[in-house]
Amino acid sequence: SAVLAKQPPLENGKACFEGRPGAEMAPMDFDKVKADLVERYGEKNIGECEVMSYAQYPKVFEDFMAFKNEFDDVSALDTRTFLRGLLPGETIEVKLAKGKTLYIQLESVGELDEDGYRTVNFEMNGQKRSVRVADKNSEAGATAKQKANPSVLGSVGAPMPGVVVEVRAAPGDEVAKGDPLVVLSAMKMETVVSATCDGVLRSLIVAEGDNLKAGDLIAEIDEK
């Protein structure tokens, strides 16, 4: 069949697939793919299913892992709660495992603070709790500093709160693992933040004088 006929040439130079499309694809080293994924996301998070998901839809898989890193596993939530959230006074049951159920009731959502965050107060199994959440619908929340993604090797975050006192690299630089990127000062001590992998520095988010919190994104490296 003439699949993708009028599209740009394939990697092998042909104008279209001939027969089964998969036969025209370059061989994939699944062992190497798995090793790379384990290095990025940790061995406990990568199995055969994850390898196949990445092989077929790499960008979708990376987006999913970034979401999971930020919000954890939300598969235990019912669809309505996942899409809409809770209303004050509303209670849900979250079954984590056989005999392990969480009863969560939203009590209130606080006023927007100057940093663009709101304090969310709730009860979990009868115990009162609160968490500070960025309101991405507010101007301040939308401009809040981006956080590094621990599951992406080239995403470099601040190891502790501090002030950027020196920048030692620039976007476009080739860096090796361990090369210094910036220097942070905290409590009269200086800490060098280094490249986490070999590659090209795609972006440097910070500048001298910036105040950072732990986990704030500093740089992004495209791995070699």
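What follows is a walk through a predicted model, from a pocket to ring pairs, backbone angles and a pair of strands.

Start with the second largest pocket. Its volume is about 240 Å³. Helix 1, residues 30-41, gives the most to the lining, with five residues. The lining as a whole is made of Met28, Val33, Asp36, Leu37, Glu39, Arg40, Tyr54, Leu153, Cys197, Asp198, Glu223 and Lys224. By character, six of these residues are nonpolar and six are charged. No polar residue is in the set. Keep Tyr54 in mind, one of the lining residues, as this ring returns below.

Now turn to the aromatic rings. A pair of aromatic rings is described by the distance of the centres and the angle of the planes. Across the whole structure, a search finds four such pairs. Take Tyr41 with Phe61. The ring centres of Tyr41 and Phe61 are 5.8 Å apart, and the planes meet at 85 degrees. Planes over 60 degrees apart count as edge-to-face, so the Tyr41 and Phe61 pair is edge-to-face. The pair links distant parts of the chain: Tyr41 belongs to helix 1, while Phe61 belongs to helix 3, residues 58-71. The two are 20 residues apart. Are these rings buried or exposed? Tyr41 has 7% relative accessibility and counts as buried. Phe61, at 5%, counts as buried too.

A second pair sits within helix 3. Phe67 and Phe71 form a tilted pair, 4.8 Å centre to centre, with 45 degrees between the planes. Both residues lie in helix 3, four residues apart, which is about one turn of the helix. Their surroundings can be read from accessibility. Phe67 is partly exposed at 32%. Phe71 is also partly exposed, at 43%. Then there is the cluster. Ring pairs join Tyr41, Tyr54 and Phe61 into one group. Tyr54 is thus found in both places: in that ring cluster, and in the lining of the second largest pocket.

Next, the backbone. Most residues other than glycine have a negative phi, and most peptide bonds are trans. Which residues have a positive phi without being glycine? Asp72 is one, with phi near 70 degrees. Asp72 is placed in the loop between helix 3 and helix 4, residues 79-84. Its relative accessible area is 53%, so Asp72 is exposed. Asn125 is another, with a positive phi of about 50 degrees. The loop between strand 5, residues 117-124, and strand 6 holds Asn125. At 43% relative accessibility, Asn125 is partly exposed.

That loop leads to strand 6, residues 127-134, where Val133 is found. Ser130 is in strand 6 as well. What does each residue touch, once close sequence neighbours are set aside? Ser130 is in contact with Thr119, Val120, Asn121 and Phe122. Val133 is in contact with Gly116, Tyr117, Arg118 and Val120. Val120 therefore appears in both contact lists, given a cut-off of 4.5 Å between heavy atoms. Val133 is partly exposed, with a relative accessible area of 38%. A charge meets a ring here: the charged end of Arg132 sits over the ring of Tyr117, 4.2 Å from the ring centre.

Some C-alpha separations give a sense of scale. Val133 and Lys32 are 101 residues apart along the chain, and their C-alpha atoms are separated by 38 Å. Ser130 and Glu166 are 36 residues apart, with 36 Å between their C-alpha atoms. Glu48 and Phe30 are 18 residues apart in sequence and 9.3 Å apart in space, C-alpha to C-alpha. Glu48 lies in helix 2, residues 48-56. With a relative accessible area of 55%, Glu48 is exposed.

One more loop residue closes the tour. Asn149 lies between helix 5, residues 139-142, and strand 7, residues 155-157. Is Asn149 buried or exposed? Its relative accessible area is 14%, so Asn149 is buried. Leaving aside neighbours within four places in sequence, Asn149 is in contact with Ala66, Asn69 and Ser155.

Technical notes
Residues numbered from 1 in each chain as written. Predicted model: local features only at pLDDT ≥ 70, side-chain atom pairs only at ≥ 80, totals over all residues. Heavy atoms only, no water. Buried < 20%, exposed > 50% of the residue type's maximum accessible area, 1.4 Å probe, protein only. 1 Å grid on protein atoms, 1.4 Å probe; cavity = no way out; pocket = protein on both sides within 12 Å on 5 of 7 lines; lining within 4 Å. Points joined across faces, edges and corners; volume = space filled by probe spheres on them. Nonpolar A, V, L, I, M, F, W, Y, C, P; charged D, E, K, R; others polar. Phe/Tyr/Trp six-rings, centres within 6.5 Å; stacked < 30°, edge-to-face > 60°. Lys NZ or Arg CZ within 6 Å of the ring centre and 35° of its normal.
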